[in-house]
Amino acid sequence: MSSNHTNITPFGPGPAGEPLLETLQSGLATAGTGAQTEILGLRQYLGLTRYRGDRIHQSVEDWSLRIWVRSWIGGGMGWASTTDLSPTGVATTVADAEANSRLVAAGEPPVLPGSVDAGGVDTYFESTADTGSAARAEIAAGHIDRAGDVAVNANLRIAVQEQALVNTQGLSVSLPLTYAALNVVARASDGATWYGTAIGRDIDALDLDGTVDGAVAGARAAARPLSIPPGDYPVVLDPPAISMLLVTSDPD
């Protein structure tokens, strides 16, 4: 797999000239006396490659950086957001959140956490962070080749993130994150289709080729469907169908 990690990594100093966590801490120091305040920051790289038939038809990359401020004064909660991470921009957003909180009727005071235990969960993988546009194109070309006479319509998405959170209760944490997601629809020559998906934080742990192979095999197996009379029939559903049923089911 090709690597261009140095081109896609969103970490390091931001527009304010400081690491993200230090930028949030500096902003928190401007909170008014008596205010309970939290600031969430997200630095993110998103890479997306779409391919259909025998070609890649879209490859895009996006870098973003934003903070969200929530403030409670007298029980009312106000919030504000900005992409301006200069000292002035962050301080202004904190002040805006405080001003907005004064416009809200008092409610229950917040319970802000003073500490967080991530429990040693692995959230960042270099293998995923290294999957830039060239690597995604290489993966797409392999999938197109292995699909043969079955057309694949697929997209491969990569995200590299840094999330940071600070609050007036002493919480100050930063967490790097990655994820990769492949969605593929295979279409046989007679129009029969099948779907496959794979998602996880470590792209090397995902069976991307197997996901495409499964969708292609399903489309071929679904070829030349037969008409059957209405009635009750036992059916076998693939995991994606079950997951959609669980997500869309009414909890009541």
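## Strands, a helix and two cores

Glu 22 comes out partly exposed, since its relative accessible area is 41%, between the 20% and 50% cut-offs. The residue sits in helix α2 (residues 20–28). Keep in mind that this is a predicted model. Here's a quick tour, from that spot on α2 through the paired strands to helix α6 and the nonpolar cores.

**Around Glu 22**
- Follow the chain and Glu 22 and Val 166 are 144 residues apart, yet their C-alpha atoms are separated by 9.7 Å.
- Val 166 turns up again in strand pairing, as the β4 residue that Ile 39 stands opposite.

**Strands β1 and β2**
- β1 (36–52) is largely enclosed by the rest of the structure, because twelve of its 17 residues are buried.
- β1 runs antiparallel to strand β2 (residues 55–73), and 17 bridges join the two.
- For a specific pair to look at, try Thr 37, which stands opposite Ser 71 in β2.
- The β1–β2 hairpin has two residues between the strands, and Gly 53 takes a positive phi there, near 65 degrees.

**Strand β4 and its partners**
- β4 (151–167) is mostly covered too, with twelve of its 17 residues buried.
- On one pairing, β4 runs antiparallel to β1 through 15 bridges; Leu 46 has Ala 159 of β4 as its bridge partner.
- β4 also pairs with β5, again antiparallel, this time through 16 bridges.
- In that pairing, Ala 151 stands opposite Arg 187 of β5.
- The β4–β5 hairpin has four residues between the strands, and its Gly 170 has a positive phi near 100 degrees.

**Thr 178 on β5**
- Thr 178 belongs to strand β5 (residues 172–187).
- Thr 178 counts as buried because its relative accessibility is 1%, and the cut-off is under 20%.
- Its side chain still finds a polar partner: the backbone nitrogen of Phe 125, at 3.1 Å.
- Leaving out residues up to four places away in sequence, Thr 178 touches Thr 123, Tyr 124, Phe 125, Thr 128, Ala 129, Ala 159, Val 160 and Arg 201.

**Helix α6**
- The 14 residues of α6 (residues 208–221) should span 20 Å at 1.5 Å a residue, and the end C-alpha atoms are indeed 20 Å apart, so the two agree.
- The buried residues of α6 are Leu 208, Thr 211, Val 212, Ala 215, Val 216, Gly 218 and Ala 219.
- Those residues cover an arc of only 160 degrees around the axis, which means they're on the same side of α6.
- The background is simple: an α-helix has 3.6 residues a turn, so residues three or four places apart point the same way.
- What does the buried set pack against? The partners are α5 (133–147), β4, β5 and β6 (193–200).
- The N-terminal end of α6 is capped by Asp 207, with a side-chain oxygen 2.8 Å from the backbone nitrogen of Gly 210.

**The nonpolar cores**
- The largest nonpolar core has 27 residues, and Val 152, Leu 182, Leu 208 and Val 216 touch the most other members.
- β1, α5, β4, β5 and α6 are the elements that give two or more residues to this core.
- Another core, of 16 residues, lies apart from it; Leu 20, Leu 65, Val 69 and Val 166 are among its members.
- Back in the largest core, Leu 208 touches Ile 139, His 143, Leu 182, Ala 198 and Ile 203, not counting residues up to four places away in sequence.

Note on methods: Residues numbered from 1 in each chain as written. Predicted model: local features only at pLDDT ≥ 70, side-chain atom pairs only at ≥ 80, totals over all residues. Heavy atoms only, no water. Buried < 20%, exposed > 50% of the residue type's maximum accessible area, 1.4 Å probe, protein only. Polar contact = N/O pair within 3.5 Å; in protein donor to acceptor, adjacent residues only side chain to side chain. Contact = heavy atoms within 4.5 Å. Expected span 1.5 Å × (residues − 1). Arc of directions from axis to C-beta. Core = buried A, V, L, I, M, F, W, Y, C linked by side-chain atoms within 4.5 Å. Pairing = 2+ DSSP bridges.
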